Each structure stands twice: as structure tokens, then as C-alpha cells.
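Reader: I have a chain open on my screen and would like to talk it through with you. Could we begin with the cysteines and then move on to the rest?

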Amino acid sequence: MRRYTTVAGITVTFSLIALFLLTFLSMLSFKPGALAASASPRSQTGGKTMSLTISSPSFSNGGDIAKKFTCDGADVSPQLSWTDPPAGTKSFALLADDPDAPVGNWNHWVLWNLPPEARGLAEGISKAARLPDDSQQGNNDFGRTGYNGPCPPPGKPHRYYFKLFALDTKLDLKAGAGNRELEATMQGHLLAQAEWMGRYGR
């Protein structure tokens, strides 16, 4: 009789435990979003992202660059415009690069200390080292100051990226600095960046 009671008690106990576990698991299954929501990181900017976009009326993004802006034409810089930068922007910098060059990335334009109120560049910027707004142009990989446009060897069109950087400081760079010096000096000061790409082939 005692053996029967013990076995029955164990059976009842296991049944209660199993029922509790099933109830607990069923409750979780009805609220999968609750755990997911608690695991999601909260935005540190109150849901607002620091964004920046750049564009050009001279050519579409991913489109063909006209000869006017290349070494086969007038070789003038294209018009560029951009949106409002993040708060705290003290200057802009700009690079134009060809990652498809046979020798590796080839720089076509180095520009820094554009004023924070600037929202674009007119077509045909001067090739002077210092511009009227006190921004500065460095030496590109042609060994020249200012902009020099696409000039690829015959073959598949190359991609040309115009990259804009919003920075939290003005940069202290020597005259004639190149893209590598600019990239190194920007480290730790980048607030946002944007790019616009065009193609040119011969």
C-alpha cells in the first residue's frame, strides 16, 4: 500500500512539474516580440541618424562623365552640391579617386577646409592652392594642384568617386599635401561622409 502511494505521489509530482513547464513555455510562445524588443539596442541619437549626401548635376550617380570634365576635354571640375551636415561640423574635405587605375587607387583631387556653411562647389574650380573661401587644394597623383579629371588607358570604363567628409575640426595640412596625408589627418574627426560616382572610358 505504501509502495503504491509513493509511486502515485511521484507520478502526481511529475505531472504538476510537466504542466507548469508547458504553461510557462506557452506563455513565452505568445510573446516572442517581448524578448526581441528588450534585446534591441536603443538609438543613442534619439532615433535620428547623422546623414550627409552629395550629388552632381554634371552627371548622374553611376552615369557617364562628359569629356568636358576629363583630360580629353576642358578638364574642369564638375559642379557638386550637398545637404546640411551633422551638428558640430567645422569643415569639409573632398577627395576624387579612381580605384580602377592599373597601379591601384589614383587620386584626382584633394581639397580640405571647405567652410561648414558651404553647400557645394561651382563647376570649374580654380586650380590655385588656396581658394577665396580659404579652403586649400593639395597635389593629386598627377603631381598637380587642384582637379585633374579622368584620363584612363583604353579599355573598360573606370569608376570615379567624389567623396565628401564632414569633420569636427579644421585641418592643419601643409601646402601640396596629398590624399594620403589628408586621410591620415582626418582620423578621429569624421562626423559623416558621402560619395557620388561617375564612369569614364576611352
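Reader: Is Cys-151 buried, partly exposed or exposed?
Author: In this predicted model, Cys-151 has a relative accessibility of 34%, and because buried means under 20% and exposed over 50%, Cys-151 counts as partly exposed.

Reader: And which residue does Cys-151 form a disulfide with?
Author: Cys-151 forms a disulfide with Cys-71, and the two sulfur atoms lie 2.2 Å apart. Cys-71 is likewise placed in the partly exposed class, with a relative accessible area of 30%. The structure holds 1 disulfide.

Reader: What is the handedness of that disulfide?
Author: The disulfide of Cys-71 and Cys-151 is right-handed, because the torsion about its S-S bond is about 85°.

Reader: Where do the two cysteines sit along the chain?
Author: Cys-71 belongs to the loop between β1 (54–55) and β2, while Cys-151 belongs to the loop between β6 (136–137) and β7, so that the pair, 80 residues apart, links distant parts of the chain.

Reader: Changing topic, how many helices and strands are there?
Author: The chain has 3 helices and 8 strands, and read along the sequence they follow the pattern α-α-β-β-β-β-β-β-β-α-β.

Reader: Which strands make up the open sheet?
Author: The open sheet of 3 strands has the order β1-β2-β5, and its pairing is antiparallel. Its edge strands are β1 and β5 (120–121), each of which pairs on one side only.

Reader: How many bridges join β2 to β5, and what stands opposite Leu-80?
Author: β2 and β5 run antiparallel and are joined by 2 bridges, and Leu-80 stands opposite Leu-121 in β5.

Reader: Then the core: which residues have the most contacts inside the largest one?
Author: The largest nonpolar core has 25 residues, and those with the most contacts inside it include Leu-80 and Leu-121, along with Ile-54, Trp-82, Leu-94, Trp-109 and Phe-162. The elements that give two or more residues to this core are β2 (80–82), β3 (91–98), β4 (106–114), β7 (158–167) and β8 (190–200).

Reader: What does Phe-162 touch?
Author: Leaving aside residues up to four places away in sequence, Phe-162 touches a set of residues that includes Ile-54, Phe-59, Leu-80, Trp-109, Tyr-147 and Trp-196.

Reader: Last one: what share of the chain is buried?
Author: Buried residues make up 35% of the 202 residues in the chain, and its accessible surface comes to about 12,000 Å², of which 59% belongs to carbon and sulfur atoms.

How values were computed. Residues numbered from 1 in each chain as written. Predicted model: local features only at pLDDT ≥ 70, side-chain atom pairs only at ≥ 80, totals over all residues. Heavy atoms only, no water. Core = buried A, V, L, I, M, F, W, Y, C linked by side-chain atoms within 4.5 Å. Buried < 20%, exposed > 50% of the residue type's maximum accessible area, 1.4 Å probe, protein only. Helix = DSSP H or I, 4+ residues; strand = E, 2+ residues; numbered from the N terminus. Contact = heavy atoms within 4.5 Å. Disulfide = S-S within 2.5 Å. Areas by Shrake-Rupley, 256 points an atom, 1.4 Å probe, with all protein chains shown as cover. Pairing = 2+ DSSP bridges.
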